[in-house]
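Visitor: I'd like to go through this model with you, from confidence to sheet to core. Can you show it to me?

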Amino acid sequence: MKIKLSNKTELILAIILTIVCLAGLYAYNKSYKNQTDIIERDGITVVGEVVEKGRSKHRRGDNTYTIKYKFEYLGENYFGFQEFANKWYYDNATEGMSYEVKFIKPKDEGLCKNARIYIDRPIHSMTN
């Protein structure tokens with residue numbers, strides 16, 4: 001049995017879906033900003049190294065740039081992963097180069113979801 005929706009019903013459903021999606025994006029953005037503020041305020045500062053850069057193009061045409069990085073704290077090894085819409089981070093991150101990282105220590109080694117790498121704060125080596 002097929003149900004044919006009227007144009008008015010389809011329009012109402014499209015509006016509701018759009019509102020739900022926008023509310024979800026707003027909530028995600030607010031949560032990410034709050035998490036970033038906590039990391040900036042309470043995070044432990046260490047030196048991290050960019051290990052891989054990536055980029056992808058979504059169906060809607062937007063580019064997403066990714067940076068994977070690793071860092072150590074008190075003999076434990078961690079890694080982070082960040083996505084950026086701004087190409088500047090991708091262009092200015094150099095694989096193998098060190099940058100400031102701030103993070104909230106997780107319970108276990110490995111992926112640290114509460115970490116941020118600051119590509120605009122490179123750590124220059126003192127050895128030549």
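Guide: Sure, and one term to begin with: pLDDT is the predictor's confidence in each residue, from 0 to 100. This is a predicted model, where local features need pLDDT of at least 70 and side-chain atom pairs count only at pLDDT 80 or more, while totals for chains, interfaces and linings use all residues. Residues are numbered from 1 along each chain as its sequence is written, and side-chain values use heavy atoms, with hydrogens and water left out.

Visitor: What pLDDT does the protein chain average?

Guide: Of the residues, 91% score at least 70. The chain average is 84.

Visitor: Which element has the highest mean pLDDT?

Guide: Elements here are DSSP runs numbered from the N terminus: helices (H or I, at least four residues) and strands (E, at least two). Helix α1 (residues 7-42) has the lowest mean, 78. The highest, 94, belongs to β4.

Visitor: In what order do the strands of the open sheet run?

Guide: Two strands count as paired if DSSP finds at least two bridges between them. The sheet has 6 strands with mixed pairing, in the order β5-β3-β2-β1-β4-β6. The strands that pair on one side only, the edges, are β5 and β6 (115-123).

Visitor: How many bridges link β2 and β3?

Guide: Lys68 has Phe81 in β3 as its bridge partner. In the hairpin, 2 residues lie between the strands, and Leu74 takes a positive phi near 50 degrees. Strand β2 (residues 63-73) and strand β3 (residues 76-84) are antiparallel, and their bridges number 9.

Visitor: Is the pairing of β3 with β5 parallel or antiparallel?

Guide: Tyr78 has Gly110 in β5 as its bridge partner. With 2 bridges to strand β5 (residues 110-111), the pairing is parallel.

Visitor: Why does Thr66 count as buried?

Guide: Thr66 sits in strand β2. Buried means under 20% relative accessible area, exposed over 50%, and partly exposed in between (1.4 Å probe, protein chains only). Thr66 counts as buried because its relative accessibility is 15%.

Visitor: Which residues touch the most other members of the largest nonpolar core?

Guide: Such a core is a set of buried Ala, Val, Leu, Ile, Met, Phe, Trp, Tyr and Cys residues joined through side-chain atoms within 4.5 Å. This one has 15 residues, and those touching the most other members are Val50, Ile67, Tyr69, Phe71, Ile117 and Ile119.

Visitor: Which residues is Ile117 in contact with?

Guide: Contact means heavy atoms within 4.5 Å. Leaving aside neighbours within four places in sequence, Ile117 contacts Val50, Tyr69, Gln82, Tyr99, Glu100 and Val101.
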